[in-house]
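User: Please take a close look at a single part of this model and describe in one connected account how that part is built into its surroundings.

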Amino acid sequence: MVMKLSRRDRIKKGIRKRLSGSTARPRLSVFRSNKGIYAQIIDDVTGKTIVSASSLSKDFVASGTTKSDQSTAVGKLVASKAIAAGIVDVVFDRNGYLYHGRIKSLAEGAREGGLNF
């Protein structure tokens, strides 16, 4: 367990070294747990979270039984909230996870919702 977490932390630091969110193009950060998936759009210049969505939040409506379907729905939800806040272009931060499975589903859902990255 410790090896897996330290590996993800090393990958995460490498990713964060190369990308950061600005006011014009904030960062879409993803966190995956066993129970749910979380996404937030962050402006790294001011250090503020602009928009957030998760599969465990009250405004989330489950659109499927699988976790991948929930990830797609969270991606669409965060995209709709971002567009309402005036954000169209973002930088995708996979947070050390592989671009596969639920992370990929969330990214595709955000793209379907209208975000560009």
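Analyst: A good place to enter this predicted model is glutamine 40, whose bridge partner in β3 is serine 52. That bridge belongs to the pairing of strand β2, residues 37-43, with strand β3, residues 48-54, which runs in the antiparallel sense over six bridges. Isoleucine 42 also takes part in bridging to β3, where its partner is threonine 49. The two strands form a hairpin with four residues between them, and in the turn glycine 47 has a positive phi of about 75 degrees.

Strand β2 also pairs with β1, again in the antiparallel sense and over six bridges, and here leucine 28 has isoleucine 41 of β2 as its bridge partner. A hairpin of four connecting residues joins β1 to β2, so that β2 has pairing partners in both β1 and β3, given that two strands pair if DSSP finds at least two bridges between them. As for cover, β2 is mostly shielded, with five of its seven residues buried, where buried means under 20% relative accessible area.

Turning to the surface, phenylalanine 31 lies in strand β1, which spans residues 27-32. Phe31, Tyr38 and Leu56 make a nonpolar surface patch of about 270 Å². Phenylalanine 31 can belong to this patch because its relative accessible area is 37%, which leaves it partly exposed, and patch residues need over 30%.

Technical notes. Residues numbered from 1 in each chain as written. Predicted model: local features only at pLDDT ≥ 70, side-chain atom pairs only at ≥ 80, totals over all residues. Heavy atoms only, no water. Patch = residues over 30% accessible without salt bridge, like charges linked within 9 Å, V, L, I, M, F, W, Y side chains within 5 Å. Areas by Shrake-Rupley, 256 points an atom, 1.4 Å probe, with all protein chains shown as cover. Salt bridge = Lys/Arg side-chain N within 4 Å of Asp/Glu carboxyl O. Buried < 20%, exposed > 50% of the residue type's maximum accessible area, 1.4 Å probe, protein only.
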